[in-house]
Amino acid sequence: MPHLKAIGKKTGAARDDSFPFNVPAVRHLERLELQQPVTFFVGENGSGKSTLLEGIAAASNAITVGGDDVERDETLEHARLLASRLRLEWRRKTGRGFFLRAEDFFNFGRRMLRTQAELDEIIARYEDDLAANPNDEGIKRAIGYIRGQKDAIVQRYGANLDHNSHGEGFMKLFETRLVPGGLYLLDEPEAALSPLRQLAFLSQIKAMTAQNCQFLIATHSPILMAFPDAEIFSFDEKPIKIVDYEDLEHVRLTRAFLSDPQAFLRRL
């Protein structure tokens, strides 16, 4: 069963016409019940799906991947404001999992490179000290410890995520960071994934839901939306409501285009 079972707004809050409270999906938010381990937020750009997902991340104190912590990230100030008005209902709150925006994945690769460079600098300083004091066991232990930290990073993520394609790096990140019992809040993860890798990602999700994981995913991808038995909330509806996969505009439009692309291209 999902860890997070419902999302709603706190009662008694005064009307606010500033962002993010003026976003229709937020203004008209009613209680969203989550009954499946995988939930998709779907809608056009600007419909509010990412805004609500960010608010949920802030309200649940989710760990971020790649960017600053939610409480310090300047780009998530609106998410913190929204979080103060959200009411999250839990079956059992979990401290595992993370929040990831597509743009934060690239920051994560840079952060890993920066951390490795900083560890190399520390090792070099200790080695200089060791050259002056070759019998100092404390310095030797410190060097061994720091090298162990760097080796652990390399073993887990590779020496350089930037040397992989975006899709390869993204899949490596998930292979190493998904743990049983986690809540994962993902904003447009398909941005780094080819259609084939989206299918591989669905396989990862399936394996982790069998280990008591829950996923809330904002997406435009008809491939991801097809996950079996997933709940799909349409943010193009006011208020937000569950829709069937076959009724999604994303799905109908994609099918129509693929069946006769020239019919669409002639109108350009």
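Start by selecting Gln198. With a relative accessible area of 7%, Gln198 is buried. The model is a predicted one. Gln198 sits in helix α7, which spans residues 195-209. Now show its neighbours, leaving out residues up to four places away in sequence: Gln198 touches Glu190, Leu193, Ser221, Ile223 and Leu224.

**Zoom out**

Colour the chain by secondary structure. There are 10 helices and nine strands. Of the 268 residues, 45% count as buried. Next, display the contacts between residues at least 6 apart in sequence. Of these, 75% join residues at least 24 apart. Switch on the surface. The accessible surface comes to about 14,200 Å², and carbon and sulfur atoms own 49% of that.

**The largest core**

Hide the surface and go inside. The largest nonpolar core has 31 residues. Select Ile7, Phe41, Leu52, Ile56, Leu185 and Leu216, the members with the most contacts inside this core. Which elements each supply at least two residues of the core? They are β1 (4-9), α1 (24-27), α2 (49-59), α3 (77-83), β4 (86-90), β6 and β7. The largest share, five residues, comes from α2.

Centre on Ile56. Not counting residues up to four places away in sequence, Ile56 touches Leu4, Ile7, Phe41, Leu86, Leu88, Leu185 and Leu216. Apart from this core lies another, of 30 residues. To find this other core, select Leu173, Phe201, Cys213 and Val251, which are among its members. Such groupings fit a broader pattern: in soluble globular proteins, nonpolar side chains tend to be buried together.

**The rings**

Show the aromatic side chains. How many aromatic pairs are there? The count comes to seven. Pick Tyr184 and Phe215. Their ring centres are 5.3 Å apart and their planes meet at 25°, so this pair is stacked; the limit for stacking is under 30 degrees. The pair links distant parts of the chain, with Tyr184 in strand β6 (residues 183-187) and Phe215 in strand β7 (residues 214-218), 31 residues apart. Buried or exposed, these two? Both Tyr184 and Phe215 are buried.

Extend the selection to Phe98, Phe174 and Phe201. Ring pairs link these three with Tyr184 and Phe215 into a cluster. Phe201 has already appeared on this tour, as a member of the 30-residue core.

**Last stop**

Select Arg85 and Phe21. Arg85 lies over the face of Phe21, at 4.2 Å from the ring centre.

Technical notes
Residues are numbered from 1 along each chain as its sequence is written. This is a predicted model: local features need pLDDT of at least 70, side-chain atom pairs count only at pLDDT 80 or more; totals for chains, interfaces and linings use all residues. Side-chain values use heavy atoms; hydrogens and water are left out. Helices (H or I, at least four residues) and strands (E, at least two) are DSSP runs, numbered from the N terminus. Buried means under 20% relative accessible area, exposed over 50%, partly exposed in between (1.4 Å probe, protein chains only). Contact means heavy atoms within 4.5 Å. Rings of Phe, Tyr and Trp (its six-membered ring) pair if their centres lie within 6.5 Å; planes under 30 degrees apart count as stacked, over 60 as edge-to-face and the rest as tilted. A charge sits over a ring if NZ of Lys or CZ of Arg is within 6 Å of the ring centre and within 35 degrees of the ring normal. A nonpolar core is a set of buried Ala, Val, Leu, Ile, Met, Phe, Trp, Tyr and Cys residues joined through side-chain atoms within 4.5 Å. Accessible areas come from the Shrake-Rupley method with a 1.4 Å probe; for residues, only the protein chains shown count as cover.
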